[in-house]
Amino acid sequence: MFRENWRLSLYIIFISITSSCSVRNLTYFSDLDYDKIYTKEITNENRVTIQTGDLLRITLSSLQPELNSMFNEPLDVMDYNRTVIKNINAEGFIVDEAGIINIPTVGNVKIAGLTKTEAKTIIEQRIGEYIKDPVVSIRFVNFKITVIGEVNNPSTFFVPNEEINIMEALGLAGDMTEFGLRESVLLIREKDGKRTVSKINFNSSDLLDSPLFYLKQNDIIYVQPHKLKAVKASTNERSMILLGIGASIIIPILFNWQNIFQIN
């Protein structure tokens, strides 16, 4: 009876220790069948709109260089199809809290909430009152995203073409570490004076069709650490030695209990 109770107790201890170490899924989109080609129509549109606080570079080209000076001094850039390209504001335009920029001569133009194409049309219409057939181009100067937490290269990244998805952002950050919690990554987004926090599951292919797949300016991606990271951080060398000693005692007892506790 004594031997049976010891055997049962040691067995329970061994099962408890091993079961506490859960198997983690480190594969992205693990619900996909990788033996088949995944094909699905893209439905999550990447519509980047201008927001308050954005810094914009706006350039103007026209066939009337003598009138361009109303807006600013010319840049040393020539366009073979049009006479000259002008940078309306060399430092760029900050979209104020009301969503407005102030263009010399033209005045205030509200563009927050518009895409670059929509804002371009409105600005060309306003400048068209002074210059014939103006062509305006708009570029984000401060389009940036930030990736922090359990990644190999946490940083803020500037995106020159204003289009980036969340997988590309992880690539810039050197991918997640082994402790990155892939099933619960946080995306922090600010829009229209509101801040939202959304959870993203990288183990699920649903992310590919999610409106969160494409990033917006100033998005923050936070890769949360798995609880194992906290265990590792709080475990010192002495604890590891004691754990090793304990395992070296328990395991032989578990598998050789009959010899150790045999009663003559």
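## A walk from helix H3 into the core

In helix H3, the side chains of glutamate 124 and lysine 120 meet in a salt bridge, with 2.6 Å from N to O. Keep in mind as you look that this is a predicted model. The two residues are 4 apart in helix H3, so about one helical turn separates them. Lysine 120 is partly exposed, at a relative accessible area of 26%.

That pair is part of a set of 5 salt bridges in the structure. Another one also involves helix H3: glutamate 118 and arginine 47 come together through their side chains at 3.1 Å, N to O. Here distant parts of the chain are linked, since glutamate 118 sits in helix H3 while arginine 47 belongs to the loop between helix H1 (2-19) and S1, 71 residues apart. Glutamate 118 has 32% relative accessibility and counts as partly exposed; arginine 47, at 37%, counts as partly exposed too.

Now turn to aspartate 219 and arginine 189, whose closest N and O atoms are 2.7 Å apart in a salt bridge. This pair also links distant parts of the chain: aspartate 219 is in the loop between S10 and S11, arginine 189 is in strand S9, and their positions lie 30 residues apart in sequence. Are these partners buried or exposed? Aspartate 219 is buried, with a relative accessible area of 1%, and arginine 189 is buried at 13%.

From here, step into the nonpolar interior. In soluble globular proteins, nonpolar side chains tend to be buried together. The largest nonpolar core of this model has 45 residues, and Ile101, Ile111, Ile123, Val147, Phe202 and Ile221 have the most contacts inside it. Among the elements giving two or more residues to this core are helix H3 (116-127), helix H4 (166-172), strand S1 (55-62) and strand S9 (185-191). For a close look, pick isoleucine 123: beyond residues up to four places away in sequence, it touches Ile58, Ile101, Ile103, Val109, Val136 and Ile138.

Next, find glutamine 224, in the loop between S11 and helix H5 (227-234). Setting aside neighbours within four places in sequence, glutamine 224 is in contact with Glu150, Phe179, Gly180, Leu181, Ser184 and Leu186. Its C-alpha is 9.8 Å from that of methionine 176, although the two are 48 residues apart in sequence.

Finally, visit the second largest pocket, with a volume of about 330 Å³. Of its 18 lining residues, Gln51, Thr52, Lys191, Asp192 and Gly193 lie nearest the centre. S9 and strand S10 (194-200) are the elements that give two or more residues to this lining. By class, the lining has 9 polar, 7 charged and 2 nonpolar residues.

Notes:
Residues are numbered from 1 along each chain as its sequence is written. This is a predicted model: local features need pLDDT of at least 70, side-chain atom pairs count only at pLDDT 80 or more; totals for chains, interfaces and linings use all residues. Side-chain values use heavy atoms; hydrogens and water are left out. A nonpolar core is a set of buried Ala, Val, Leu, Ile, Met, Phe, Trp, Tyr and Cys residues joined through side-chain atoms within 4.5 Å. Buried means under 20% relative accessible area, exposed over 50%, partly exposed in between (1.4 Å probe, protein chains only). Contact means heavy atoms within 4.5 Å. On a 1 Å grid over the protein atoms alone, a cavity is a set of points where a 1.4 Å probe fits but cannot get out, and a pocket is an open set with protein on both sides within 12 Å along at least five of seven lines; lining residues have an atom within 4 Å of a point. Grid points are joined across faces, edges and corners, and a volume is the space filled by probe spheres set on the points. Ala, Val, Leu, Ile, Met, Phe, Trp, Tyr, Cys and Pro count as nonpolar, Asp, Glu, Lys and Arg as charged, and the others, Gly among them, as polar. A salt bridge is a side-chain nitrogen of Lys or Arg within 4 Å of a carboxyl oxygen of Asp or Glu.
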